[in-house]
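Colleague: Please take a close look at a single part of this model, the packing around one element of your choice. I would like the geometry, the contacts and the burial set out in one piece.

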Amino acid sequence: MASLDSARRRQGNRSPRLAVLLTTIAAALVVLPGVALAAPTGQQLAAADQALLDGVRLAGLWEMPAGQMAAEKGQSRVVREIGAEIARQHEELDRLTVEAANKLGATIPNQPTAEQQQWLTEMKDATGARFDQIFVTRLRVAHGKIFPVVGAVRASTRNEVIRDLANATNKFVGDHMLMLESTGLVRYAELPPAALPAPGNDGLIAAASANTGPQVGISNTVIWVIFLGAIGTGGFLSYRLLRRN
């Protein structure tokens, strides 16, 4: 009887352990495949994404008043019409930028930079043909600088909200450059050289790509390795326990 009781006790002790092991394996079967399929969304706000929000917002903060000045004091009719249209379009783009920042919980500037404020002061002090030239030159250079940045962020961002904003910004900036060039006042020989991406890992586009930030999450390959390892180990231990019983 003693031997029989001892055997029953050993069997009773093994049964809970076996139940726990089988439950763990079952949980692995249910949970791990689901985790493996949950690929990283890549929706966190990267440095390049924030740079686009800041750049577009700052452009609107000084180009809206610049356009309004051109509409009021431009010497030529073309400059007055273009100034009014650029101001109107920047109001729309600024609204889209603020909406995007709110969706992402991002903080954006609320006033122009010191340099941009100097440009506005320069325009306020100018009149006649000199004003027209300053207005066209300043805005055309500014648009030319942000144009490749928008394209670089658009090509590399993993954030849908930023991608939509980049699409809208790209259209507005392209239209504005065409309008400014239609005045005949753009001095192409004085425009800054193009910031082309350098070969290898340097350059504008590579820099934007590098700033997309690390992705949070575990790769599907690692998860499946853990999953299959757990199944194999669990199966072997289950076989040994069942064989002993």
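Modeller: A helix here is a DSSP run of H or I with at least four residues, a strand is a run of E with at least two, and the elements are numbered from the N terminus. The model is a predicted one. By that assignment the chain has 8 helices and 0 strands, so the order of elements from the N terminus is α-α-α-α-α-α-α-α. Of its 245 residues, 35% are buried. Among contacts with a separation of 6 or more, 82% join residues 24 or more positions apart.

The part I have chosen is helix α5, with its two partners α6 and α2. Helix α5 covers residues 128–156, and helix α6 covers residues 160–181. Their axes lie 9 Å apart, at an angle of about 150 degrees. Angles over 145 degrees count as roughly antiparallel, and therefore α5 and α6 are put in that class. Their crossing is left-handed. On the α5 side, the residues that meet α6 are Phe 135, Val 136, Leu 139, Arg 140, His 143, Gly 144, Ile 146, Phe 147, Val 150, Val 153 and Arg 154. On the α6 side they are Ile 162, Arg 163, Ala 166, Asn 167, Thr 169, Asn 170, Val 173, Gly 174, His 176, Met 177, Leu 180 and Glu 181. By class, this contact has 12 nonpolar, 7 polar and 4 charged residues.

The second partner is helix α2, residues 47–73, whose axis comes within 11 Å of that of α5. The two axes cross at roughly 160 degrees, which makes α2 roughly antiparallel to α5. This crossing is left-handed. From α2 the contact takes in Ala 48, Asp 49, Leu 52, Gly 55, Val 56, Trp 62, Glu 63, Ala 66, Gly 67, Met 69, Ala 70 and Lys 73. From α5 it takes in Phe 131, Phe 135, Arg 138, Leu 139, Ala 142, His 143, Ile 146, Val 150 and Val 153. The residues divide into 14 nonpolar, 3 polar and 4 charged. Some α5 residues take part in the contact with α6 and in the contact with α2, among them Phe 135, Leu 139, His 143, Ile 146, Val 150 and Val 153.

Helix α2 also packs on α3, with the axes 7 Å apart and an angle of about 155 degrees. That makes α2 roughly antiparallel to α3. The crossing of α2 and α3 is left-handed, and their contact holds 15 nonpolar, 6 polar and 5 charged residues.

One residue of α3 leads back to α5. His 90 lies in α3 and has a relative accessibility of 4%, so it counts as buried. Beyond its neighbours within four places in sequence, His 90 is in contact with Ala 59, Gly 60, Glu 63, Met 64, His 143 and His 176. Of these, His 143 is one of the α5 residues that meet α6, and His 176 is one of the α6 residues that meet α5.

Gly 60, which lies in α2, has a relative accessible area of 0% and is therefore buried. With neighbours up to four places away left out, Gly 60 touches Pro 65 and His 90. Its C-alpha atom is 9.6 Å from that of Arg 95, at a separation of 35 residues in sequence.

Back in α5, Gln 133 belongs to the helix. Its relative accessible area is 15%, so Gln 133 is buried. The Gln 133 side chain reaches the backbone oxygen of Leu 185 at 2.9 Å. Outside the range of four places in sequence, Gln 133 touches Leu 185 and Arg 187.

Gln 75 is in the loop between α2 and α3, where α3 spans 77–104. The C-alpha atoms of Gln 75 and Gln 133 are separated by 9.9 Å, with their positions 58 residues apart along the chain. Apart from neighbours within four places, Gln 75 is in contact with Arg 80, Gly 128, Ala 129 and Asp 132. Gly 128, Ala 129 and Asp 132 fall within residues 128–156, the range of α5.

Notes: Residues are numbered from 1 along each chain as its sequence is written. This is a predicted model: local features need pLDDT of at least 70, side-chain atom pairs count only at pLDDT 80 or more; totals for chains, interfaces and linings use all residues. Side-chain values use heavy atoms; hydrogens and water are left out. Axes are lines fitted to C-alpha atoms, for helices over the stretch in contact, and angles run from 0 to 180 degrees between N-to-C directions. Angles under 35 degrees count as roughly parallel, over 145 as roughly antiparallel, 65 to 115 as roughly perpendicular and the rest as oblique. A crossing is left-handed if the near helix is turned anticlockwise from the far one by less than a right angle, and right-handed if clockwise. Contact means heavy atoms within 4.5 Å. Ala, Val, Leu, Ile, Met, Phe, Trp, Tyr, Cys and Pro count as nonpolar, Asp, Glu, Lys and Arg as charged, and the others, Gly among them, as polar. Buried means under 20% relative accessible area, exposed over 50%, partly exposed in between (1.4 Å probe, protein chains only). A polar contact is a pair of N or O atoms within 3.5 Å; within protein, one must be able to donate a hydrogen and the other to accept it, and residues adjacent in sequence count only if both atoms are side-chain atoms.
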